[in-house]
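Visitor: Could you walk me through this one? I would like to start with the charged pairs and then move on to the helices.

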Amino acid sequence: MMSLNTPKLCLKTIAIGLCLALPLSACQTAGQRISGTAAGASADDQNLSFAQKQLRQEASLFSETSVTGAIGGAALGGLIGCLASNCRTGAVIAGAVAGGVAGLATGYFVDAQNMAAANEQDRLRNLTEGARKESERLSRQLDASRTVLNEQKARIAKINKDLKARSITEEQYRKDAESIQEDVKLVEKLVEENGKIIKTVKGEIDKLQGEGAAPSQLASLNSAYNEVRKKNEDLKKILQALVNANKAIDKQVVPAAVS
């Protein structure tokens, strides 16, 4: 049985959850760092094309929503641990950590899932809207990635020609090549994060089906889910094309060239 101090302890639980979420979020942000810069930033932004800036902006959105998910997940996890264990400290911390990890894993869809939705229809509507927004984001990612692919092919051909003519130094060549390779890693990260969202949406669809939702009720959500899945497959193809284009980078000058 809980004591009269339980409400105070639950408030402390939320504080613990938030505090624990911060290092988890910091780890996620650190994991997004590529070639010495954050996923959403560049050491030399003025030299980036519009499409390259778009890629970095899309990647940075994952970092921001993952932070939100970690904070919300850790607070909720800590509260569950508190209620289940009469607010024993160990259970609170374990719940907060587990909740924070779950928040990071589902990141973008924390709000869309809306665990506190008033009813199944609200939950379904929120999920469908979230999937549609993700489809819109993927369209932007595809447009930017296609443009970057064409830019990269021309850029690699130019720096190879310039290096051969000795109109640029090997150091200049390396700097250009590293910037090109950063684009590949960004698209790779987008594919990975989109995959997590796709897995989350599929899990929610399966859950709704298990709860008895009719196919007609899930039609819009399934349609949005299939759009997102197909677009991420298209993004994977662009990623492979980027990897192939990068094989033309001189590996004697840039040993770590993508292969």
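Guide: A term is needed before the pairs: a salt bridge here is a side-chain nitrogen of Lys or Arg within 4 Å of a carboxyl oxygen of Asp or Glu. Please keep in mind that this is a predicted model. Asp143 forms such a salt bridge with Arg146, and the closest N and O atoms of the two are 3.6 Å apart.

Visitor: Where do Asp143 and Arg146 lie?

Guide: Both Asp143 and Arg146 belong to helix H5, where they are 3 residues apart, or about one turn of the helix. An α-helix has 3.6 residues a turn, so residues three or four places apart point the same way.

Visitor: And is Asp143 buried or exposed?

Guide: Neither, since Asp143 has 47% relative accessibility and counts as partly exposed. Its partner Arg146 is also partly exposed, with a relative accessible area of 40%.

Visitor: How many salt bridges does the structure hold?

Guide: The structure holds 17 salt bridges. One of them joins the side chains of Arg56 and Asp183, with 2.9 Å from N to O. Arg56 sits in helix H2 (residues 50–85) and Asp183 in helix H6, so this pair ties together parts that are 127 residues apart in sequence.

Visitor: Is that Arg56 buried or exposed?

Guide: Arg56 is buried, and Asp183 is buried as well.

Visitor: What about Lys189 and Glu192?

Guide: The side chains of Lys189 and Glu192 meet in a salt bridge of 3.8 Å, again taken from N to O. Both residues lie in helix H6, 3 residues apart, which is about one turn of the helix. Lys189 is buried at a relative accessible area of 17%, whereas Glu192, at 41%, is partly exposed. Salt bridges that share partners join these two residues with Glu193 and Lys196 into one network.

Visitor: Switching to the helices, at what angle do H5 and H6 pack?

Guide: Helix H5 (residues 120–164) and helix H6 (residues 170–210) pack at an angle of about 160 degrees, and their axes are 10 Å apart. Angles over 145 degrees count as roughly antiparallel, which is why H5 is described as roughly antiparallel to H6. The crossing of the two helices is left-handed.

Visitor: Which kinds of residues make up the contact of H5 with H6?

Guide: The residues of that contact divide into 15 nonpolar, 6 polar and 9 charged.

Visitor: What span should H5 have at 1.5 Å a residue?

Guide: The 45 residues of H5 should span 66 Å at 1.5 Å a residue, and its end C-alpha atoms are 64 Å apart, which agrees with that figure. As for H6, its 41 residues reach 60 Å from the first C-alpha to the last, close to the 60 Å expected on the 1.5 Å basis.

Visitor: And which residue with a positive phi follows H5?

Guide: H5 is followed by Arg166, whose phi is positive, near 60 degrees, and this is a positive value in a residue other than glycine. Arg166 lies in the loop between H5 and H6, and with a relative accessible area of 77% this residue is exposed.

Visitor: What follows H6, then?

Guide: H6 is followed by Gly212, which has a positive phi near 100 degrees.

Note on methods:
Residues numbered from 1 in each chain as written. Predicted model: local features only at pLDDT ≥ 70, side-chain atom pairs only at ≥ 80, totals over all residues. Heavy atoms only, no water. Axes fitted to C-alpha atoms, helices over the stretch in contact; angles between N-to-C directions. Helix = DSSP H or I, 4+ residues; strand = E, 2+ residues; numbered from the N terminus. Parallel < 35°, antiparallel > 145°, perpendicular 65-115°, else oblique. Left-handed = near helix turned anticlockwise from the far one by under 90°. Nonpolar A, V, L, I, M, F, W, Y, C, P; charged D, E, K, R; others polar. Expected span 1.5 Å × (residues − 1). Buried < 20%, exposed > 50% of the residue type's maximum accessible area, 1.4 Å probe, protein only.
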